[in-house]
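Reader: Could you take me through one part of this model in detail? I would love a close look at the sheet and what surrounds it.

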Amino acid sequence: MLSFSTDDIRPQDRFDHWCEVRGKSLFGVTIELEREKRASFHGRFSATPIGNAVLAEMTASSYRVSRTPADIARVSSDSLSIGLQIRGPGWMKTKGDRVHLVREGDVTINHSNMMFAGTPERSDGFDFRTLKIPLTNDLALGARTHDLFPEPLMQGARLTRLIKATLSALEHDPFQASGEIESIARLALIARGRLAQGSPEGRAALRAGFLHAAREIMIRDLHRPDLTSATVAAELVISLRQVHVLFEPTGLSFARTLTAMRLKEARRLLGLTPARQVADIAYACGFDSIATFYRVFRSAYGMTPGDARMMSLNA
């Protein structure tokens with residue numbers, strides 16, 4: 001992983017370095033900021049290769065950014081860009097003088113060689129995550145992509161949720177989730193109307209996205225003893241059978257996956273909070289029976305929760 005912070009640079013040089021090295025050379029964009037604000041500029045950047053794609057995250061002071069014809073000529077690439085505006089909303093001007101408000105939580109999708117101009121709505125900085133995926137005919141399945149100008153997807157839409165869930169999976173475990181690059185690229189192209197949902201490849205991408213969305217719900221609600229596959233199906237607006245089909249390729253059923261998640265969280269808490277009672281941890285992780293918790297914990301780890309806690313403390 002590549003990481004960078006302006007903290008390592010003299011304050012008077014930070015903005016110029018960010019503009020030249022991070023902006024022009026790496027991302028192929030032009031960055032502008034009023035001179036009086038440059039002395040207090042700060043920025044952090046990280047980039048993680050995932051297969052032939054790159055997942056990058058930036059946190060920085062607010063500034064104006066654009067991708068001009070000169071930028072495209074200097075740093076050109078045939079790639080699909082999927083962005084997530086985590087913090088710091090702004091206005092984005094794109095093809096044909098269209099102007100979009102990009103809100104916090106918005107997902108944007110575009111071809112990397114499309115022009116745009118972005119202006120922050122606030123002055124308290126931003127946090128932005130982007131996934132850049134090189135395009136091939138096999139990946140795009142012949143879909144037209146070169147004219148995909150930046151545009152935010154509708155928040156709350158099903159496809160937006162699936163893309164965000166897959167992006168989150170890539171962030172938290174980039175090496176294990178590297179096989180999901182194809183899926184998220186095709187979900188993005190479906191969301192922009194360039195691929196059909198009903199094609200075999202489209203259905204496979206949807207299944208992968210739904211699986212990540214289901215896992216997000218399970219992680220979020222594992223403390224609830226009443227969490228079931230029916231609960232997940234209802235939230236995702238899919239059938240109960242579809243939920244179970246999602247987990248078939250993983251080799252673990254929905255119920256076994258949920259138990260494994262609860263056990264993993266319980267073991268983490270046993271080591272993290274040594275003064276906390278074992279029963280309290282079991283209930284906090286969604287187990288409604290202490291006897292069941294001890295039985296499945298010993299079956300999974302070959303030791304009692306108390307032994308696991310002692311091992312963690314002595315490590």
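Author: Happy to; here is a walk through the sheet, followed by a helix and the cysteines. Please keep in mind that this is a predicted model.

Let us start with the strand order. The sheet is open and has five strands, arranged β2-β5-β10-β7-β8 with antiparallel pairing. At its edges are β2, covering 30–32, and β8, covering 99–102, each of which pairs on one side only. On average, neighbouring strands of this sheet are turned by 20° against each other, with direction ignored. As general background, strands of a sheet pair through backbone hydrogen bonds, in either a parallel or an antiparallel way.

Now look at the β8 edge. Strand β7 (residues 90–93) runs antiparallel to β8, and four bridges join the two. Among the residues involved, M92 has H100 in β8 as its bridge partner.

Helix α1, residues 14–27, packs on the sheet, where it touches β2 and β5 (64–67). The direction of α1 makes about 155° with that of β2. Within the residue range of α1, C19 is buried because its relative accessible area, 9%, is under the 20% cut-off.

Another cysteine, C285, also counts as buried, at 0% relative accessibility. As for disulfides, the count comes to zero.

Finally, a helix to compare with the ideal: α4 spans residues 158–172, which makes 15 residues. From first C-alpha to last, α4 reaches 21 Å, close to the 21 Å expected at 1.5 Å a residue. Its buried residues include L159, L162, I163, T166 and L170.

Notes
Residues are numbered from 1 along each chain as its sequence is written. This is a predicted model: local features need pLDDT of at least 70, side-chain atom pairs count only at pLDDT 80 or more; totals for chains, interfaces and linings use all residues. Side-chain values use heavy atoms; hydrogens and water are left out. The expected span of a helix is 1.5 Å times one less than its number of residues. Buried means under 20% relative accessible area, exposed over 50%, partly exposed in between (1.4 Å probe, protein chains only). Two strands pair if DSSP finds at least two bridges between them. Axes are lines fitted to C-alpha atoms, for helices over the stretch in contact, and angles run from 0 to 180 degrees between N-to-C directions. Contact means heavy atoms within 4.5 Å. A disulfide is a pair of cysteine sulfur atoms within 2.5 Å.
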